[in-house]
Amino acid sequence: MSVNKTCFSEDSLKSWNVSTIAPHRLLMSSPIQSLPREVINLIAAGEVIDSLAAVVRELVENSLDAGATSIYISLWPDLWRVQVADNGRGMTLRDLKFCAEPHSTSKIHSSEDLYRISSLGFRGEALHSLTQVADLEILSRSVEDIEEGVGWRIVYRKGKIIKEEPVAIATGTIVTVSNLFAKLPLRRKSLPSTSKQLKAVQEIIGEIALCHPQVTWQVRQKEQLWLQISPGTSADRILPQIVNRLRQSDLQLLKLDLKTPNEENIETVEKSKMELTIGLPDRCHRRRADWIKVGINGRVVRSPEIEQTIISAFAKTLPRDRYPVCFVHLQTSPCQIDWNRHPAKAKIYLHSIKYWQEQVALAIERALRISPANLPAAENQRVGKLLKASEEKGTYSIKERSKNKKEEISLIDLRAVAQVRNTYIVAEHPTGLWLIEQHIAHERILYEQLQDDWKLVALETPIILSQLRSAQLEQLQRLGIEIENFGEQLWAVRAIPEMLQQRDDLTDAIIELSWGGDLQEAQVATACRSAIRNGTPLNLSQMQTLLDRWKSTRNPSTCPHGRPIYLSLEETALSRFFRRNWVIGKSHGI
Ligand code: ADP
Ligand code: MG
């Protein structure tokens, strides 16, 4: 792209190379029209432009609706100025003169259209509002304009067009908003500090980029490059560019075709799609739930129900008080969604929410399993660090490891070969070797077994407990453990979790369970107590059985406390580490 690298001036934008035209932008759009009164009355009214971030959101959404694949944003927060330039479809002079009229849009025309919204915008309010609270300039050249290089520039002041002139510009649109809220000093004062506003802008751009990974983004602040996002095929390419210290190899992507639900429960031919990107729990998690995001048809929305589903689906895979990285993007028929609930469209109403929650939970469960498709990439972060450390000590550099390793692996074939320190199982794998910590691998197996079947069995001889507090008693009863009074300060336990049956420390186990926590906690505690201890010698066949059971668990990456279970040492990484490419070994046939 022929954009000046150091300065994002208007002139440089005008010289955008036409070869960057977005392919789907070549589709013709319908002309801008005023919405009929009855449609206006149906639209959720409210203030659209209430911050710098809202300006960016509205302009960028217009660029995306125009089919742009490159969006350049410039911010001058001190001057209350924002510019968004795109290579979208552009506007004809006729539309340009009309686009900032109240309720004027090219995206919907009738009240029925409100039920089949497929664009990000539809209210026809944003540009009009901008002419009311700021100075506005729009340069645009439509794909329909045949005259080479000529577009139009329109300048608004106090809501009126004061200038209209031809300009030389590549196809696309450049909107500049200046002096935002100049006439609303109280509004300016009520807004948070510049740095907070910029953070909000950054968040909005990140969210939109996740939903539109095919777009190239460049954001400048006071002429300096501030943020840059390269395009990718899916959100797993975008997340590492916008989340600190996150690597693509920490992520797992799953794309699914789904049935579209309908109220009458009739099978429809219409397919929905889900794209799920999760951070693998042994590789990344966060202090806050700030990267649990839900996108629907191209926009990140707040969906407390689906967000809760995500948190629950990661339960017992992460350390205490840590949250997953997860982005789920649903693409479904517009009739499934009511966008018209909130002026900024951040809140929506999704029909059949239970169905979507179920699908999200199932997809996360699938993504968490180890399968040939989601074996760790050769670029395992922990191994990467080890190698990096050794690399820093030496003088030889280790080049980028193959990123396509994932695709080459067709079968998981883990063969136990040894036990180290009576704690780690060494397993050979077609692409390298893994170290698996025996206790927590077993704990994962047992925990999932208990989740599926929390079985209580009657005891022939009851266990007698003494000095129980009433809270402990209630807790045991809540867990289904049969317990009854047996005399002064004595209680008899008559049924217990099956897994604990043969244990010598049964009494301790029951006391532990009585100290509180929900059923999940009780299952974790039971699994932890029952799992083989580290330090226990195992023979090869015992190790193999453990590996076979472990690799088919729902979440083999972490134990229920969130600790990683295995470390993979991929052959590619090992061969680089041992400098197997050196020629010196050649003569010995190595
Ligand atoms: P809405 O997006 O709800 O239609 P807006 O006020 O944001 O309302 O925009 C009004 C109209 O102006 C849009 O419907 C579209 O036709 C046109 N428009 C705005 N921005 C652009 C752009 N960047 N490229 C092409 N057309 C645009
Ligand atoms: Mg709009």
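## Helices and a ligand shell

α3 and α7 are roughly parallel to each other, because their axes cross at roughly 25° and angles under 35 degrees count as roughly parallel, over 145 as roughly antiparallel, 65 to 115 as roughly perpendicular and the rest as oblique. Those two axes come within 8 Å; axes here are lines fitted to C-alpha atoms, for helices over the stretch in contact, and angles run from 0 to 180 degrees between N-to-C directions. The helix labels come from DSSP runs (H or I, at least four residues, for helices; E, at least two, for strands), numbered from the N terminus.

Before going on, keep in mind that this is a predicted model, where local features need pLDDT of at least 70 and side-chain atom pairs count only at pLDDT 80 or more, while totals for chains, interfaces and linings use all residues. Residues are numbered from 1 along each chain as its sequence is written, chains are lettered from A and ligands numbered from 1 in the order in which they are written, and side-chain values use heavy atoms, with hydrogens and water left out.

Back to the helices. α3 also packs against α5, at an angle of about 140° and with the axes 10 Å apart. That makes α3 oblique to α5. Then look at α7 (residues 194-211) and α8 (residues 235-242): their axes are 8 Å apart and the packing angle is about 160°. So α7 runs roughly antiparallel to α8.

Now for the ligand. α3 (52-65) and α5 (126-133) turn up again here, since each of them, like β4 (104-105), supplies at least two residues of the shell around ligand 1. That shell divides into 7 nonpolar residues, 9 polar and 4 charged (Ala, Val, Leu, Ile, Met, Phe, Trp, Tyr, Cys and Pro count as nonpolar, Asp, Glu, Lys and Arg as charged, and the others, Gly among them, as polar).

Which of the 20 residues around ligand 1 come nearest? They are N62, T105, S106, K107 and G124. Three of these put a polar atom by an oxygen atom of the ligand: a polar side-chain atom of T105 lies 2.5 Å away, an N or O atom in the K107 side chain is at 2.6 Å, and G124 brings a backbone N or O atom to 2.7 Å. As for how covered the ligand is, it has 530 Å² of accessible area on its own (Shrake-Rupley method, 1.4 Å probe), and the protein covers 94% of that.

Methods:
Near = heavy atom within 4 Å. Polar contact = N/O pair within 3.5 Å; in protein donor to acceptor, adjacent residues only side chain to side chain.
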